[in-house]
Amino acid sequence: MTEQSGKMKEKEIIDAARKRFAYYGFSKVTMDEIAADAGMAKASLYYYFPAKMDLFKSVISVEQDLFIDKLQKILHADISAAERLTEYVNERLQHFKTFVNLAKLSFQSILELKPIFSDLHKNFSEREHLLLSEIIKDGIDKGELKPGEAKEIATLILHILHGLRLRTFPFNKDFSFDEKLHEQLNKEMLNVLRMLLNGIQTGI
């Protein structure tokens with residue numbers, strides 16, 4: 001097997017797993033089902049991914065890369081800084097919803113899995129913070145946002161969004177993210193963003 005064919009097969013497995021996890025959640029999906037969806041024997045699947053958790057981490061990594069790609073497009077979009085930040089909030093919430101649907105884990109389970117995903121999350125957080133800072137800096141450079149420290153503003157936005165997500169999901173319940181909850185959280189996040197923009201936008 002060539003390296004290229006191996007990469008293609010790995011992608012097929014991850015794609016199959018993404019669909020399974022998104023529909024059933026991590027705990028209810030078996031490696032047998034993923035192998036069947038990918039059209040391969042279970043033993044061959046274990047050659048690429050020795051455990052379901054290894055495969056899940058790869059799926060999460062792919063989702064993170066897709067979100068970062070969207071953030072890159074927002075950064076270079078021909079729209080105002082306020083519109084970029086609004087797009088960012090919308091995409092960030094959609095990314096969180098995707099993770100919740102993929103995992104379908106209790107808050108306690110996520111706490112237990114946190115050490116496993118720590119490196120993956122750290123790298124993702126750094127990339128997200130960098131791109132969000134660049135969006136804000138570009139707005140400052142163009143005179144759309146008041147002079148300030150872009151990295152500090154980005155940190156503030158991330159902390160606020162994270163706080164709203166934690167408030168929305170009670171610690172003692174399983175995650176469940178339906179459309180009503182998505183709309184509620186999205187409305188709250190955009191309202192907070194508007195209040196923040198009222199303080200940092202020029203010409204208001």
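## An all-helical chain and its cores

Buried residues, meaning those under 20% relative accessible area, whereas exposed ones are over 50% and partly exposed ones lie in between (1.4 Å probe, protein chains only), make up 41% of the 204 residues in the protein chain. The model is a predicted one, in which local features need pLDDT of at least 70 and side-chain atom pairs count only at pLDDT 80 or more, while totals for chains, interfaces and linings use all residues. Residues are numbered from 1 along each chain as its sequence is written, and side-chain values use heavy atoms, with hydrogens and water left out.

**Overall build**

The protein chain has eight helices and zero strands, where helices (H or I, at least four residues) and strands (E, at least two) are DSSP runs numbered from the N terminus. Along the sequence this gives the pattern α-α-α-α-α-α-α-α. Among the contacts in the protein chain with a separation of 6 or more, a contact meaning heavy atoms within 4.5 Å, 71% are accounted for by residues 24 or more positions apart. The protein chain exposes about 11600 Å², of which carbon and sulfur atoms supply 55%; accessible areas come from the Shrake-Rupley method with a 1.4 Å probe, and for residues only the protein chains shown count as cover.

**Helix α7 and Ile-157**

The 19 residues of α7 should span 27 Å at 1.5 Å a residue, and the end C-alpha atoms of α7 are indeed 27 Å apart, which agrees; the expected span of a helix is taken as 1.5 Å times one less than its number of residues. The buried residues of this helix are Ala-150, Ile-153, Ala-154, Ile-157, Leu-158, Leu-161, Leu-164, Arg-165 and Thr-168. They cover an arc of only 135 degrees around the axis, and therefore sit on the same side of α7, the arc being that of the directions from the helix axis to the C-beta atoms. On the other side of α7, Lys-151, Glu-152 and His-159 are exposed.

Ile-157 lies in helix α7, which runs over residues 150-168, and is buried, with a relative accessible area of 5%. Not counting residues up to four places away in sequence, Ile-157 touches Leu-85, Tyr-88, Leu-132, Ile-136 and Leu-196. The C-alpha atoms of Ile-157 and Val-89 are separated by 9.4 Å, although these two residues are 68 residues apart along the chain.

**Nonpolar cores**

A nonpolar core is a set of buried Ala, Val, Leu, Ile, Met, Phe, Trp, Tyr and Cys residues joined through side-chain atoms within 4.5 Å. The largest such core has 34 residues, and of these Leu-85, Tyr-88, Leu-132, Ile-136 and Ile-157 touch the most other members. The elements that give two or more residues to this core are α4 (52-76), α5 (81-103), α6 (107-141), α7 and α8 (179-200). With eight residues, α5 gives the most to this core. Apart from it lies another core, of 23 residues, among them Ala-16, Met-31, Phe-56 and Leu-102.

**Salt bridges**

A salt bridge is a side-chain nitrogen of Lys or Arg within 4 Å of a carboxyl oxygen of Asp or Glu, and by this rule the count comes to 13 salt bridges. Three of the pairs are set out here.

| Pair | N to O distance |
|---|---|
| Glu-12 and Lys-9 | 3.0 Å |
| Lys-11 and Asp-15 | 2.9 Å |
| Arg-92 and Glu-128 | 2.5 Å |

The pair of Arg-92 and Glu-128 links distant parts of the chain, with Arg-92 in helix α5 and Glu-128 in helix α6, 36 residues apart. Arg-92 is buried, with a relative accessible area of 9%, and Glu-128 is buried as well, with a relative accessible area of 3%.

The other two pairs in the table belong to helix α1. Glu-12 and Lys-9 are three residues apart in helix α1 (residues 3-24), so about one helical turn separates them. Glu-12 counts as partly exposed at 37% relative accessibility, and Lys-9 is partly exposed with a relative accessible area of 22%. Lys-11 and Asp-15, both in helix α1, are four residues apart, about one turn of the helix; Lys-11 counts as exposed at 52% relative accessibility, whereas Asp-15 is partly exposed, with a relative accessible area of 26%. An α-helix has 3.6 residues a turn, so residues three or four places apart point the same way.

Beyond these pairs, Arg-20, Glu-33 and Asp-37 are linked in a network of salt bridges.
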